[in-house]
Amino acid sequence: MKLNVNGNQHDVDVDPRTPLLYVLRGDLKLIAAKFGCGLGQCGACTVLVDGEPVFSCITPIALLADKQITTLEGLGTPERPAPIQRAFIEAQAAQCGYCIPGIMMRAHALLQKNPRASEADIRAFLEPHLCRCGTHMRILRAIHRAQAEMTPANAGGSG
Amino acid sequence: MRPLKFALAFCVVLAVAAGILAIIIARWPAIAPIAPPAANSFDPASVKRGAALVAIGNCDVCHTAPGGRAFAGGRAVPTPFGSIYSTNITPDPETGIGRWSKAAFQRAMRFGVRRDGAYLYPAFPYDHFTLVSDDDDNALYAYLMTRTPVRAPPVPDRLPFPLNIRLVMSGWNLLFLHPGPYRADAAHDAAWNRGVYLVDGLGHCGACHTPRNLLGAERTDLKFSGGEVEGWTAYALNELSPAPVPWNAAALRHYLRYGWEDSHGVARGPMAEVAGDLHLIPADDMRAIAMYVAEQMNHAAPERDVVVQGVERQHQRGQSGAAASGDGQANALRATDTKNDEGAVTYAGACAGCHEGPRALPDGGIDLMLTSAIGGPSANNLVNIVLYGLPATEAARAPIMPGFAGAMNDAQVAALVRYLRARFSDKGPWTDIAKSVHDARSRARFPAASPASVVEPTPSGTAQQASQ
């Protein structure tokens, strides 16, 4: 079946029940999304489907015909990182980094929808993600940094 | 002239109605405000008893706004007539009940009347609370009056005319309120009477589990036949219970205490909040409640016993879990016979990993042949749970499930729900699935997926014994 990932059409020949994560990592070699729990409970596999964050480990590709899938690779490149990626690098938000791609995707989705998200909004929205290294405070700082960059009008007031 | 006659008749009717109303109003004078009593003026034993009673009555659930201070009110209670906002029942003198005397509190519980004599709305279930004994009212009062006062002005209700005139409740009360404390039935023992007293009184189970008439009163002729509340179906607690495995008192005790039970599933929506309180209640009271409710459901149709096999499978799955980590995928293949069905493909890819996986509740998903959500009267609960999942419970070992609102469009949810109904229940197809999905998605029916925030953590290893 056909999958639209990061704006590119891919023809994949796999069982329609296959989780999106396996197709991304195994077939398309897009390895930013991680296999964590495989049960939709840790958030490491999070990607966007039509702008909404979903757990790719429990999303069969049968559900994804005619939908736009975005992975971390689709936001920016090492040479030209997206604001959320640049903010995470600058805030040194990653410790081991395993959970970070998923968190960046959900944070990106939130800021796209609600650029003025409050601290409480951000915390509530990121609730589905686990980080065992304990870099939560740096992650929050990175998201605020990205927020300031993505909404310049806001930047002055939120210092 | 006819219009004149009509106007005259109208005036007469009005005058008579006003007269009746005046008589009714006269019954409820304001009760003089008191100086807020000092916390140490209450007997600690009474305060402690009040804490358990408040848990049975779930006072905190409605009287606390999401993220707000406990008992400070302000939570919207959606009704078919409009939204009613819960009041501040902390002892704050200006915005709470700090100036309410014991007599004023007791009158509110028994007759649904405020300290100032105005009528309360039965969103505050005084039609149940009227059964509460004077003694228990005093303990409730002692507990509430010793809470931290919170200044929180009331939020105005959103009710249309004429319901926004509180006086209309006098008529409702004449029709539907049978005031007076519970009188024990001598034909039954003390435990049974305790069960009825708690379930029908303070516990107000019927407020959700009994259907209501057009005036919003419970249909006493259909007691416990199931109702709709806040976008969720409250299942029947009588012989109409849709539980594939008939409930018994032991299963109910586990469910009410921990918020889940391995052959019935997980409390969700408003019921999660109810279960969140009930671990605080004395064991004898829990026993009495479970015994009485189980008795109401006792006439389960014999053919339902067949499904008990499903429980055994569930137990086997739980016990062999550790060794069989690959089982999930092997079991998922059970769905291959219906490969071309969109819902079957979704089930195999999105659901079976947990619901046919090696772990039993609360760590894995329930076998879907055991859940009432699929055999229930409406698709609402199943749709809510597919879209919004079971949110994580803070600091507790309780079941969680991811929601699929982002991954599935309405048609895909509907296909899945249709498939689950056909595969896991013996009931005919639901006809209202599309509307149910649309309503839940548009929040037309407020399916709050509240976690049970203070549910008692399930101790390891008790899951299996508790329901046996």
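# Exercises on a two-chain predicted model

In helix α3 (residues 83-90) of chain A, the residues A:Ile84, A:Gln85, A:Ala87 and A:Phe88 are buried, where buried means under 20% relative accessible area, exposed over 50% and partly exposed in between (1.4 Å probe, protein chains only). Helices (H or I, at least four residues) and strands (E, at least two) are DSSP runs, numbered from the N terminus.

This is a predicted model, in which local features need pLDDT of at least 70 and side-chain atom pairs count only at pLDDT 80 or more, while totals for chains, interfaces and linings use all residues. Residues are numbered from 1 along each chain as its sequence is written, chains are lettered from A and ligands numbered from 1 in the order in which they are written, and side-chain values use heavy atoms, with hydrogens and water left out.

## Exercise 1: the helix α3(A)

Work out how the buried residues of α3(A) are arranged around the axis, and find what they pack against.

Step 1. The buried residues to place are A:Ile84, A:Gln85, A:Ala87 and A:Phe88. They lie on the same side of α3(A), because they cover an arc of only 160 degrees around the axis; the arc is that of the directions from the helix axis to the C-beta atoms.

Step 2. The partners of these buried residues are α2 (72-75), α4 (100-113) and α6 (136-150) of chain A, with contact taken as heavy atoms within 4.5 Å.

Step 3. After α3(A) comes A:Gln92, which has a positive phi, near 50 degrees.

## Exercise 2: the loop residue A:Asn6

Locate A:Asn6 in chain A and determine which residues it is in contact with.

Step 1. A:Asn6 belongs to the loop between β1 (2-5) and β2 (8-11) of chain A. With a relative accessible area of 24%, A:Asn6 is partly exposed.

Step 2. Apart from neighbours within four places in sequence, A:Asn6 is in contact with A:Leu30, A:Ile69, A:Thr70, A:Thr71, A:Glu73 and A:Gly74. For A:Glu73, which is 67 residues away along the chain, the C-alpha atoms of the pair are separated by 7.6 Å.

Step 3. A polar atom of the side chain of A:Asn6 lies 2.8 Å from the backbone nitrogen of A:Thr71. A polar contact is a pair of N or O atoms within 3.5 Å; within protein, one must be able to donate a hydrogen and the other to accept it, and residues adjacent in sequence count only if both atoms are side-chain atoms.

## Exercise 3: the buried residue B:Asn88

Describe the place of B:Asn88 in chain B and find the polar contact of its side chain with another side chain.

Step 1. Chain B has 20 helices and six strands, and 52% of its 468 residues count as buried. B:Asn88 sits in the loop between β2 (82-85) and α4 (102-111) of chain B, and it counts as buried because its relative accessibility is 5%.

Step 2. The side chain of B:Asn88 makes a polar contact of 3.1 Å with the side chain of B:Thr95. A polar atom of the B:Asn88 side chain also lies 3.4 Å from the backbone oxygen of B:Ala152.

Step 3. Beyond four places in sequence, the residues in contact with B:Asn88 include B:Phe71, B:Gly73, B:Ile97 and B:Val150.

## Exercise 4: backbone angles in chain B

Find the phi of B:Phe71 and of B:His204, and then the omega of the peptide bonds that lead to B:Pro162 and B:Pro362.

Step 1. Most residues other than glycine have a negative phi, and most peptide bonds are trans.

Step 2. B:Phe71, in the loop between α3 (59-62) and β1 (76-79) of chain B, has a positive phi near 70 degrees. At 6% relative accessibility, B:Phe71 counts as buried.

Step 3. B:His204, in the loop between α8 (190-202) and α9 (206-209) of chain B, has a positive phi of about 40 degrees.

Step 4. The peptide bond joining B:Phe161 and B:Pro162 is cis, with omega about 0 degrees, and the bond from B:Leu361 to B:Pro362 is also cis, with omega near 5 degrees.

## Exercise 5: where the chains meet

Determine how many residues each chain gives to the contact, and count the salt bridges between chain A and chain B.

Step 1. Chain A gives 17 residues and chain B gives 20 residues.

Step 2. The count of salt bridges between the chains is zero, a salt bridge being a side-chain nitrogen of Lys or Arg within 4 Å of a carboxyl oxygen of Asp or Glu.
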